[in-house]
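Open the model in your viewer and keep the selection box handy. We will go from stop to stop, picking a few residues each time and looking at what surrounds them.

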Amino acid sequence: MRGMRLSLLFFLPLVLASCSVEVYGGNQFSEDAFVDVLASSSYLPSGAVQNVRNGGASMSSAQIATYASLFPFKGLSSGGNHTISFYEGRDFSYPIGTQTISGHYDEGNGSYYLLIGNNRGFVYDDAEVLDSYRGQAIAAYESDYDTCYDNYLILEGMILGTDESFDRSLYKEVSFDYANVTSTAGYSAHLGRYGENGNYCYLEFNVTMDYIDEMSSYAITDLSYRLKISDAATGIDTHYIMEYKFDSSAEMAPFSWTRRNYNLVYAGLDLSGVGMDDYNEVVEG
């Protein structure tokens, strides 16, 4: 059984202020405050979600990259909204373009279904094609998780003073928080500094992880990166938000689908009947 699921992502400041847990700030942190976290190669969740959105007036990609570069965290200034899911028996689903690719392994009957969207698909009598797409889904998840893992290490280096690239003197605001409640640990950074044209740039960074009993280690469950830009000339605040969520792998649910809802084509081992046009809607959509 895994530990109790408790996300500190949005409630970390409240927990730190109100609960009888140890709270560390600035140099009061020690190495013992940081938990060991599973790498993506050792942990496959049941779901991985990346969500990106703006608030207030829209910022261009170039503006987001410029403002994000003022802060130490990496790989959080670009991305797209997507959901990747893994199920019992190696089944999976993940997005390509505007479509969702799903794979269902019917091992008992020797049939392997590659489903495109919610109404068409191909049936194979070999798992090779599904394995290839499943590998892409895993790679996409690992990219998301590795981004979170790497930024957790960056945060640790900032707090412990081992990240020489982090210059506190550049920031008007610097604070760090930590909480460990039962089997959930959470870390938070609040950074503020002036950017171009005197605009004030404020970043709130939160990362939460749960203890996974069966693996005797922690796994990242949530990360949020909230960037607020206050325009010096207009006083208008603009927000850029990137969030990640990784669900428990303790219990993989079965993949649910109904064959009669799909127009299925038998491809078998001979792929000559399946051309690129069958995938163009997916790849180029």
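Let's begin with a side chain: select Glu107, which counts as partly exposed at 41% relative accessibility. Keep in mind as you look around that this is a predicted model.

**Stop 1: a link between two loops**

Now add Arg90 to the selection. The side chains of Glu107 and Arg90 form a salt bridge, with N and O 2.8 Å apart. Arg90 belongs to the loop between β2 (82-86) and β3 (92-96), while Glu107 belongs to the loop between β4 (99-106) and β5 (111-116), so this pair ties together parts that are 17 residues apart in sequence. Arg90 is also partly exposed, with a relative accessible area of 33%. Across the structure, the count of salt bridges comes to seven, and two more of them are coming up on this tour.

**Stop 2: strand β10 and its partners**

Select residues 217-230, which make up strand β10. How many of its 14 residues are buried? Eleven are, so the strand is largely enclosed by the rest of the structure.

Next, colour residues 200-212, strand β9, which pairs with β10 in the antiparallel sense over 13 bridges. To see one position of this pairing, pick Thr208 and look across to its bridge partner in β10, Asp222. Then follow the chain through the hairpin of β9 and β10, where four residues lie between the strands. Ser216 in this hairpin takes a positive phi near 50°.

Now add residues 237-246, strand β11. β10 and β11 also pair in the antiparallel sense, over nine bridges. Here Tyr225 stands opposite Met242 in β11. The hairpin of β10 and β11 has six residues between the strands, and Gly235 there has a positive phi near 80°.

**Stop 3: charged pairs across β10 and β11**

Go back to Asp222 and show its side chain together with that of Lys245. They form a salt bridge whose closest N and O atoms are 4.0 Å apart. Asp222 is in strand β10 and Lys245 in strand β11, so the pair ties together parts that are 23 residues apart in sequence. Is each partner buried or partly exposed? Asp222 is buried, with a relative accessible area of 5%, whereas Lys245 is partly exposed at 34%.

Next, select Glu243 and Arg226. Their closest N and O atoms are 2.8 Å apart, in another salt bridge. This pair links Glu243 in strand β11 with Arg226 in strand β10, 17 residues apart. Glu243 is buried, with a relative accessible area of 13%, and Arg226 is partly exposed at 22%. Add Arg53 to the view: Arg53, Arg226 and Glu243 are linked in a network of salt bridges.

**Stop 4: around His239**

Stay in strand β11 and centre on His239. This residue is partly exposed, with a relative accessible area of 31%. Which residues does His239 contact, leaving aside its neighbours within four places in sequence? They are Arg53, Asn54, Gly55, Met59, Leu227 and Lys228. Try a distance label between the C-alpha atoms of His239 and Asn54: they are 5.4 Å apart in space, although 185 residues separate them in sequence.

**Stop 5: helix α2**

Select residues 61-68, helix α2, and show Ile64, Tyr67 and Ala68, which are buried. Turn the view to look down the axis of α2: the buried residues fall within an arc of 100°, so they line one face of the helix. What do they pack against? Their partners are β1 (47-55), β9, β10 and β11.

**Stop 6: rings**

Finally, show the aromatic side chains; the structure holds 22 aromatic pairs. Zoom in on Tyr145 and Phe246, whose ring centres are 5.1 Å apart and whose planes meet at 65°, so the pair is edge-to-face. Tyr145 is in helix α3 (residues 128-160) and Phe246 in strand β11, 101 residues apart, and the pair thus links distant parts of the chain. Both residues are buried. Now widen the selection to Tyr43, Phe86, Tyr141, Tyr145, Tyr244 and Phe246, which ring pairs link into a cluster.

For a last look, select Arg193 and Tyr171. The charged end of Arg193 sits over the ring of Tyr171, 5.0 Å from the ring's centre.

Terms used:
Residues numbered from 1 in each chain as written. Predicted model: local features only at pLDDT ≥ 70, side-chain atom pairs only at ≥ 80, totals over all residues. Heavy atoms only, no water. Buried < 20%, exposed > 50% of the residue type's maximum accessible area, 1.4 Å probe, protein only. Pairing = 2+ DSSP bridges. Contact = heavy atoms within 4.5 Å. Phe/Tyr/Trp six-rings, centres within 6.5 Å; stacked < 30°, edge-to-face > 60°. Lys NZ or Arg CZ within 6 Å of the ring centre and 35° of its normal. Arc of directions from axis to C-beta.
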